[in-house]
Amino acid sequence: CDAAQAIRIYDILCGQDEDGARRAMTGLIACKGASDATCNGTRRRRMANDEGTARHLMNSALMLRKLQAAAVVATGEGAKRARARLEEGGKALEHAGVVCFDSATQRCQASSPDSGEHASALMDMRAAADALLYYNGGATMMQRYVSTRTPFMDADVLNSDRKAVDNVVSHDDAVTAVQTLVEDMVRFVHQESLELPHIFGKHDTVMMMLLERLCYERLAPLLEG
């Protein structure tokens with residue numbers, strides 16, 4: 001069934017019918033569900049949309065990889081058209097994955113850690129992350145996750161770090177400030193280490209990215225004064 005579907009979609013992508021190719025790609029990529037997931041007004045509907053989109057993302061990633069594998073070895077104008085359309089489809093898949101991931105992240109942050117909704121949100125984050133991990137390595141999703149962590153987004157944290165640097169006037173001040181910051185970073189990293197395995201298949205890679213950014217943006221300015 002999947003093979004027959006892949007052949008049918010590939011034939012459409014090779015053709016000159018732009019509207020037909022666009023409809024084929026729209027049906028393949030879970031863009032509509034991802035958009036609805038961020039726009040509807042009720043938590044229940046958003047949760048259902050997230051779950052449906054997350055499940056569809058991996059199927060979309062699998063099909064795109066099959067189609068790209070066929071297009072890359074083919075020749076002719078039809079294959080050229082298919083490759084261009086599949087490239088756009090890949091961008092659409094990545095966008096859908098990020099939107100689904102962000103929506104599930106909002107649900108996760110708004111729910112109690114021991115609630116069923118929190119667990120469901122983590123599963124949807126994992127599904128979106130796994131789809132892009134399979135499709136293209138998932139670097140964009142990993143980078144996005146790291147960049148949206150509290151130490152890099154929260155104004156209070158950023159202002160506190162800036163004040164810590166400004167208030168260092170002696171060696172003792174520097175030692176105290178570094179100790180306080182390191183303790184805060186350790187608490188944060190410990191919390192992340194509990195959730196990352198539930199979200200990313202390559203959670204060690206994400207943790208390394210997180211540690212590098214923490215050291216570069218929070219610790220280094222304090223050490224350099």
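Trainee: At which residue does α10 bend by about 30°?

Mentor: Happy to start there, and keep in mind that this is a predicted model. A proline, Pro-197, follows the bend within four residues. The residue where α10 bends by about 30° is Ser-193.

Trainee: How far apart are the end C-alpha atoms of α10, and what span should its 29 residues have?

Mentor: Helix α10 covers residues 171-199, and the expectation rests on 1.5 Å a residue. That gives 42 Å for the 29 residues, and the model agrees, because the end C-alpha atoms are apart by 41 Å.

Trainee: Which residues of α10 are buried, and what covers them?

Mentor: Good one to check in your viewer. The buried residues of α10 include Ala-177, Leu-181, Met-185, Phe-188, Val-189 and Glu-192, and further along Glu-195, Leu-196 and Ile-199. In an α-helix with 3.6 residues a turn, residues three or four places apart point the same way. What covers the buried residues of α10 includes α5, α6, α7, α8, α9 and α11.

Trainee: Is Met-207 buried or exposed?

Mentor: Met-207 lies in helix α11. Its relative accessible area is 14%, and the cut-off for burial is under 20%, so Met-207 counts as buried.

Trainee: Which residues is Met-207 in contact with, leaving aside its neighbours within four places in sequence?

Mentor: Take Glu-192 as one example: Met-207 and Glu-192 are 15 residues apart in sequence, with 8.0 Å from C-alpha to C-alpha. Ser-193, where α10 bends, is another contact of Met-207. The full set is Val-189, Glu-192, Ser-193 and Leu-196.

Trainee: Which helix gives the most to the lining of the largest pocket?

Mentor: This pocket has a volume of about 300 Å³. Of the 14 residues that line it, the closest to its centre are Gln-109, Tyr-145, Arg-149, Glu-192 and Glu-195. The lining divides into 5 nonpolar, 6 polar and 3 charged residues, and α5, α6 and α10 each supply at least two residues. With 5 residues, the helix that gives the most is α10.

Trainee: And which helix gives the most to the lining of the second largest pocket?

Mentor: The second largest pocket has a volume of about 180 Å³. Of its 11 lining residues, Arg-22, Met-25, Arg-85, Glu-88 and Gly-89 are the closest to the centre. By class there are 5 nonpolar, 2 polar and 4 charged residues in this lining. Both α2 and α5 supply at least two residues, and the helix that gives the most, with 5 residues, is α2.

Conventions. Residues are numbered from 1 along each chain as its sequence is written. This is a predicted model: local features need pLDDT of at least 70, side-chain atom pairs count only at pLDDT 80 or more; totals for chains, interfaces and linings use all residues. Side-chain values use heavy atoms; hydrogens and water are left out. The expected span of a helix is 1.5 Å times one less than its number of residues. The bend at a residue is the angle between axes fitted to the seven residues ending there and the seven starting there. Buried means under 20% relative accessible area, exposed over 50%, partly exposed in between (1.4 Å probe, protein chains only). Contact means heavy atoms within 4.5 Å. On a 1 Å grid over the protein atoms alone, a cavity is a set of points where a 1.4 Å probe fits but cannot get out, and a pocket is an open set with protein on both sides within 12 Å along at least five of seven lines; lining residues have an atom within 4 Å of a point. Grid points are joined across faces, edges and corners, and a volume is the space filled by probe spheres set on the points. Ala, Val, Leu, Ile, Met, Phe, Trp, Tyr, Cys and Pro count as nonpolar, Asp, Glu, Lys and Arg as charged, and the others, Gly among them, as polar.
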